[in-house]
Amino acid sequence: MQPKDKTDPLSYLAVMNDTNQQPQLVAATYGNSRTLSIELIDTPTVPNEMSLELWVTSKTDNQVRSLGVIPTTSNVFNRPLSEPEWRLIKDSENLLLTLEEKGGSSIGEPMGVQVSKGPCIRMAGWQENS
């Protein structure tokens, strides 16, 4: 799950559990490259007319904002985060994965069924103390 640059420090980690409290997805971000890495441990069934969408819940205002649709063609997915997305991660309380209409929610809010959820934990401080 590590990005190409092996020296890129792990910044945030979320282990997301399904509705049965079983680990379903691991999301990690790496500070230097601002890369989002996702590994689907147990890929949920996604009908052809639906997509999985990843959301961030803010600690500051408790609003839920999208990080986009997650492809299910592979169980590992990496992509760079924009500056606004990086700020969302830095302010995140937890991550949420929902089943939405194809292409993601049309109103910018989760409308579909919650697939998994997990707290987003800042790792940088922990690594500096070890």
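User: Which strands each supply at least two residues of the lining of the largest cavity?

Analyst: Strands β1 (10–18) and β2 (23–30) do; each gives at least two lining residues. Keep in mind that this is a predicted model.

User: How many cavities of 30 Å³ or more does a search of the whole structure find?

Analyst: The search finds 1. The space in the largest cavity is about 30 Å³.

User: Which residues line the largest cavity?

Analyst: Find these in the structure: Tyr12, Leu13, Ala14, Ala27, Ala28, Thr29, Leu36, Ile89, Leu95 and Cys120. Then sort them by class. Nonpolar residues number 9, polar residues 1, and charged residues none.

User: Now burial. Is leucine 52 buried or exposed?

Analyst: Start with the cut-off: a residue is buried under 20% relative accessible area and exposed over 50%. Leucine 52 has 1% relative accessibility, so it counts as buried. Look for leucine 52 in strand β4. Its C-alpha atom is 12 Å from that of isoleucine 38, and the two residues are 14 apart along the chain.

User: What about a charged residue? Where is glutamate 100?

Analyst: Glutamate 100 sits in strand β7, which covers residues 92–101. Glutamate 100 is buried, yet it has no salt bridge.

User: Which side chain of opposite charge is nearest to glutamate 100, and how far away is it?

Analyst: The nearest is lysine 102, at 13 Å. A salt bridge needs a side-chain nitrogen of Lys or Arg within 4 Å of a carboxyl oxygen of Asp or Glu. Glutamate 100 does have another neighbor to check. Its side chain reaches the backbone nitrogen of glycine 112 at 3.1 Å.

User: Is lysine 102 buried or exposed?

Analyst: Lysine 102 has a relative accessible area of 57%, so it is exposed. Lysine 102 lies in the loop between β7 and β8 (113–119). Try a long-range distance too. Lysine 102 and asparagine 32 are 70 residues apart in sequence, and their C-alpha atoms are 32 Å apart.

User: How do I read salt bridges in general?

Analyst: Side chains of opposite charge can pair when their charged atoms come close. In this model, the whole-structure search finds 4 salt bridges.

User: Which side chain meets arginine 65 in a salt bridge?

Analyst: The side chain of aspartate 61 does, at 2.8 Å from N to O. Now check accessibility. Arginine 65 has a relative accessible area of 32%, so it is partly exposed. Aspartate 61 is partly exposed because its relative accessibility is 36%.

User: Which side chain meets glutamate 85 in a salt bridge?

Analyst: Arginine 79 is the partner, at 3.0 Å from N to O. Glutamate 85 counts as buried because its relative accessibility is 16%.

User: Where do arginine 87 and glutamate 83 lie?

Analyst: Both are in helix α1, 4 residues apart, or about one turn of the helix. Their side chains form a salt bridge at 3.6 Å, N to O. Arginine 87 is partly exposed because its relative accessibility is 48%. Glutamate 83 is partly exposed as well, because its value is 39%. Salt bridges with shared partners also join Arg34, Glu83 and Arg87 into one network.

User: And phi? What should I expect?

Analyst: Most residues other than glycine have a negative phi. So look for exceptions. Glutamine 21 has a positive phi near 65° and is not a glycine.

User: Where is glutamine 21 found?

Analyst: Glutamine 21 is in the loop between β1 and β2. Glutamine 21 counts as exposed because its relative accessibility is 55%.

User: What is the phi of asparagine 62?

Analyst: Asparagine 62 has a phi of about 60°, a positive value in a residue that is not a glycine. Asparagine 62 is in the loop between β4 (50–58) and β5 (64–70). At 57% relative accessibility it is over the cut-off, so asparagine 62 counts as exposed.

User: One last loop. Where is the place of aspartate 91?

Analyst: Aspartate 91 is in the loop between α1 (83–90) and β7. Its relative accessibility is 21%, so aspartate 91 counts as partly exposed. Aspartate 91 and valine 46 are 45 residues apart in sequence, and 29 Å separates their C-alpha atoms.

Technical notes
Residues numbered from 1 in each chain as written. Predicted model: local features only at pLDDT ≥ 70, side-chain atom pairs only at ≥ 80, totals over all residues. Heavy atoms only, no water. 1 Å grid on protein atoms, 1.4 Å probe; cavity = no way out; pocket = protein on both sides within 12 Å on 5 of 7 lines; lining within 4 Å. Points joined across faces, edges and corners; volume = space filled by probe spheres on them. Nonpolar A, V, L, I, M, F, W, Y, C, P; charged D, E, K, R; others polar. Buried < 20%, exposed > 50% of the residue type's maximum accessible area, 1.4 Å probe, protein only. Lys, Arg positive; Asp, Glu negative; His and termini not counted. Polar contact = N/O pair within 3.5 Å; in protein donor to acceptor, adjacent residues only side chain to side chain.
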